[in-house]
Every structure is written in structure tokens, then in C-alpha cells.
Amino acid sequence: MQPTHQKGMISKLSLMISYIKEGYFVYNEINNTGPIDFIAVHPETKEVLKIDAKTYSRRENGPQSGSMIHRIRSDEQKDLDVKIVYWDLENDRRIITREKPDVDYSTE
């Protein structure tokens with residue numbers, strides 16, 4: 001497995017574990033090709049989260065050096081209300097950002 005795929009898998013599994021620790025039931029997408037990586041359902045609050053897991057990273061150089069690299073949701077993910085959630089491998093923590101309408105975070 002390539003290092004980037006390893007990081008991605010570690011991030012996805014770490015995010016899943018973090019939701020399990022908070023009491024969610026977690027359901028994994030097994031095809032690895034869909035718009036949702038996993039679904040987390042809280043049995044008490046009935047909250048249903050559709051999550052696309054990403055590895056947190058920062059730009060290494062350029063005018064925005066050090067800034068977080070944001071991903072944008074596809075139109076399909078927007079229609080399905082999928083949330084992009086990041087896992088910070090260095091600090092073992094979950095990062096959730098708020099997406100602003102009509103902003104392309106890939107160029108921020």
C-alpha cells in the first residue's frame with residue numbers, strides 16, 4: 001500500500017473509532033468508491049452523520065504556506081448532506097470545518 005493510501009486509511013479508521021468512543025454506531029462503506037466513507041448514528045439523539053474522511057494537512061510552501069488544505073464537497077455529496085471531517089495524524093484529533101457557500105477551499 002502506498003504511503004498516501006496508508007495515511008488515508010489510518011485517518012478513516014481513527015475517525016470511525018473517535019465516533020464509536022462517543023457512543024455512535026458506525027457503518028463502513030466497503031466499496032471505497034462512493035461519496036460517503038462511513039455513517040455514524042447516535043442511538044440516543046438519533047443524529048445521523050454521513051462522513052467523507054480526509055487526512056488533515058497543511059501547505060508546505062507558497063504564499064499560503066502553513067494554511068490548512070481544504071477539500072470541497074462534490075455536488076453529489078452536497079445533495080446527500082455529506083460532511084467532510086479531517087483527522088490530524090500528528091495530534092490524534094478530529095477537525096470539523098464549516099463550509100461556506102460558493103467558496104472553493106481547494107484554492108484557499
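# Close-up views of a predicted model

**View 1. The largest pocket has a volume of about 340 Å³.** Welcome to this predicted model, which we visit one close-up at a time. The lining of the largest pocket is made by 14 residues, and those closest to its centre are Gly8, Met9, Asp37, Ala53 and Lys54. Two elements, H1 and strand S3 (48-55), each give two or more residues to this lining. Which element gives the most? H1 does, with five residues.

**View 2. Met1, Met9 and Leu13 together make a nonpolar patch on the surface.** The area of this patch is about 310 Å². To find Met1, look in the segment that comes before helix H1 (3-21). Is Met1 buried or exposed? Met1 has a relative accessible area of 70%, and exposed residues are those over 50%, so Met1 is exposed. Met9 may be familiar from the first view, as one of the residues closest to the centre of the largest pocket.

**View 3. Ser18 is a buried residue of helix H1.** Ser18 has a relative accessibility of 13%. Buried means under 20%, so Ser18 falls in that class. Which residues does Ser18 touch, once its neighbours within four places in sequence are left aside? The contacts of Ser18 are then with Trp87 and Arg94. Keep Arg94 in mind, as the next view turns to this residue.

**View 4. Arg94 and Glu22 are joined by a salt bridge between their side chains.** The distance here is 2.6 Å, N to O. Arg94 belongs to strand S5 (residues 93-96), while Glu22 sits in the loop between H1 and S1, so this pair ties together parts that are 72 residues apart in sequence. Arg94 is partly exposed, at 25% relative accessibility. Glu22 is also partly exposed, with a relative accessible area of 42%. Arg94 thus appears in two views: here as the salt-bridge partner of Glu22, and earlier as a contact of Ser18.

**View 5. Lys83 and Asp81 form another salt bridge.** How many salt bridges does a search of the whole structure find? There are four. In the one shown here, the closest N and O atoms of Lys83 and Asp81 are 2.9 Å apart. Lys83 is partly exposed, with a relative accessible area of 38%. Asp81 counts as partly exposed too, at 40% relative accessibility.

**View 6. A salt bridge links the side chains of Arg93 and Asp88.** In this pair the N to O distance is 3.1 Å. What is the relative accessible area of each partner? For Arg93 the value is 41%, and this residue is partly exposed. For Asp88 the value is 4%, which is under 20%, so Asp88 is buried. The pair therefore joins a partly exposed residue, Arg93, to a buried one, Asp88.

**View 7. Asn32 is found in the loop between strand S1 (25-28) and strand S2 (38-41).** Is Asn32 buried or exposed? With 52% relative accessibility, Asn32 counts as exposed. How far apart are Asn32 and Pro3? In sequence they are 29 residues apart, and in space their C-alpha atoms are 17 Å apart.

Technical notes. Residues are numbered from 1 along each chain as its sequence is written. This is a predicted model: local features need pLDDT of at least 70, side-chain atom pairs count only at pLDDT 80 or more; totals for chains, interfaces and linings use all residues. Side-chain values use heavy atoms; hydrogens and water are left out. Patches are made of residues with over 30% relative accessible area and no salt bridge: like charges are joined within 9 Å, nonpolar side chains (Val, Leu, Ile, Met, Phe, Trp, Tyr) within 5 Å. Accessible areas come from the Shrake-Rupley method with a 1.4 Å probe; for residues, only the protein chains shown count as cover. Helices (H or I, at least four residues) and strands (E, at least two) are DSSP runs, numbered from the N terminus. Buried means under 20% relative accessible area, exposed over 50%, partly exposed in between (1.4 Å probe, protein chains only). Contact means heavy atoms within 4.5 Å. On a 1 Å grid over the protein atoms alone, a cavity is a set of points where a 1.4 Å probe fits but cannot get out, and a pocket is an open set with protein on both sides within 12 Å along at least five of seven lines; lining residues have an atom within 4 Å of a point. Grid points are joined across faces, edges and corners, and a volume is the space filled by probe spheres set on the points.
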